[in-house]
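Visitor: Could you take me through one part of this protein up close? I'd like to look at the sheet, strand by strand, and then at what surrounds it in your tour.

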Amino acid sequence: MSTSQSGLSPEEELLKRVESSKRKAAYKAVKDYLDPSYKRIGIGSGSTVVYVVEAIAALGPDVTSGMIFYPTGAQSEELIETAGLTLQPINKLPSGQQLDVAFDGADEVDTRLNLIKGGGACLWQEKIVATAAKKFVCVADYRKLSPRLGISWRKGIPIEVLPMAAPRVLDELKRIGSENPKIRLGLPGKAGAIVTDNGMWIIDAPFPPLMFPDDDEKRERVQNAANGVWFVDDLADHLIKIPGVAEIGLFSGKNGQEVATGAQKPVAAYFGMEDGKVQRKLADGHVQFFWDP
Ligand SMILES: O=C[C@H](O)[C@H](O)[C@H](O)COP(=O)(O)O
């Protein structure tokens with residue numbers, strides 16, 4: 001096995017770089033979007049959110065003791081509790097109230113801040129929490145940046161389904177052009193499907209890269225959805241209406257502008273870059289790089 005000057009293998013070097021990039025993105029996102037006056041904060045799932053919670057906890061009880069944190073599943077519940085932060089399930093957020101901000105990761109982010117989420121099977125509660133927030137902020141590393149959804153994340157769009165409906169959902173996905181959709185299986189050595197925190201299954205449905213409505217190059221092909229070429233929003237609308245589908249891992253639709261209600265797209269996405277910088281992309285398309293988050 002080849003090792004670098006640091007004594008690490010190339011795989012270990014890559015892992016270290018990726019983890020450091022996630023961490024920097026998380027600290028910058030928290031610095032920019034966690035106002036000390038906020039009371040209700042959503043915390044997503046995945047390996048990047050670990051650093052978001054670390055950055056929040058590092059602010060200390062003077063800042064965090066008046067805040068309540070709302071998780072998106074078992075993993076984020078544990079993260080919040082272990083960090084000594086106050087936990088409350090999202091069903092305790094009174095009707096008519098919103099979270100001040102929610103932070104979450106993503107599996108792929110396109111240039112318009114549409115997201116694929118659910119690589120870790122947590123998408124349903126994540127969508128509830130993201131859309132309950134005035135500001136939804138995405139935190140990721142450079143591998144998640146993509147011109148279009150479906151280019152870098154080739155495993156497919158995660159779709160949470162009622163187990164008894166899974167065969168019918170698979171049929172419909174194939175009919176509309178998904179390339180070999182599959183029920184996600186459990187860990188190696190564990191027979192059967194992955195069961196989500198909500199008792200559902202996940203189907204991963206790959207599609208050709210998703211188009212934007214103002215894409216002219218493939219407009220003609222898009223008229224024929226049977227070939228699997230879809231506009232992001234059209235596909236999201238179609239998938240969510242398939243009987244038996246509980247929620248989909250496409251976060252799209254209206255822009256996540258400041259103080260939006262029900263927006264699935266973030267107001268800002270932070271990417272830890274390979275060179276140590278943090279890239280911030282805003283919903284209005286503005287991009288900035290920061291050396292020292
Ligand atoms: O189901 C998992 C969630 O959608 C995660 O936020 C997503 O998979 C990104 O996870 P990570 O930060 O580990 O790449």
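Guide: Here is a walk along the sheet, followed by a stop at the core and another at the ligand. Keep in mind that this is a predicted model.

Let's start with the overall layout. The sheet is open and has eight strands, in the order 3-2-1-4-7-13-14-15, with mixed pairing. Strand 3 and strand 15 (287-290) sit at the edges with a single partner strand each, so one side of each has no neighbour in the sheet.

Now zoom in on the strand 3 end. Strand 3 covers residues 86-87 and runs parallel to strand 2, joined to it by two bridges. You can pick out both pairs by eye: Ile-68 is opposite Thr-86, and Phe-69 has Leu-87 as its bridge partner. Moving one strand in, strand 2 (residues 68-71) pairs with strand 1 (residues 40-43), again in the parallel sense, this time over four bridges. Look for Gly-42 there, standing opposite Tyr-70.

Next, the core. Ile-43, the last residue of strand 1, belongs to the largest nonpolar core, which has 73 residues. Ile-43 is among the members that touch the most others, along with Ala-29, Val-52, Val-137, Val-139 and Ile-159. That core takes at least three residues from each of domain 1 (10-147 + 252-290) and domain 2 (157-250). For a closer view, click on Val-137: beyond its sequence neighbours within four places, its contacts are Ala-29, Tyr-33, Val-101, Phe-103, Pro-266, Val-267 and Ala-268.

Last stop, the ligand. It has 17 residues around it, the closest being Gly-46, Thr-48, Gly-105, Gly-119 and Gly-120. By type, the shell splits into nine polar, four nonpolar and four charged residues.

Methods. Residues are numbered from 1 along each chain as its sequence is written. This is a predicted model: local features need pLDDT of at least 70, side-chain atom pairs count only at pLDDT 80 or more; totals for chains, interfaces and linings use all residues. A nonpolar core is a set of buried Ala, Val, Leu, Ile, Met, Phe, Trp, Tyr and Cys residues joined through C-beta atoms within 7 Å. A residue is buried if 20 or more other C-beta atoms lie within 10 Å of its own, exposed if 12 or fewer, and partly exposed in between; C-beta atoms are placed from the backbone. Domain bounds come from an automatic or database domain assignment. Two residues are in contact if their C-beta atoms, placed from the backbone, lie within 7 Å. A residue is near a molecule or strand if its C-beta atom, placed from the backbone, lies within 6 Å of it. Ala, Val, Leu, Ile, Met, Phe, Trp, Tyr, Cys and Pro count as nonpolar, Asp, Glu, Lys and Arg as charged, and the others, Gly among them, as polar. Two strands pair if DSSP finds at least two bridges between them.
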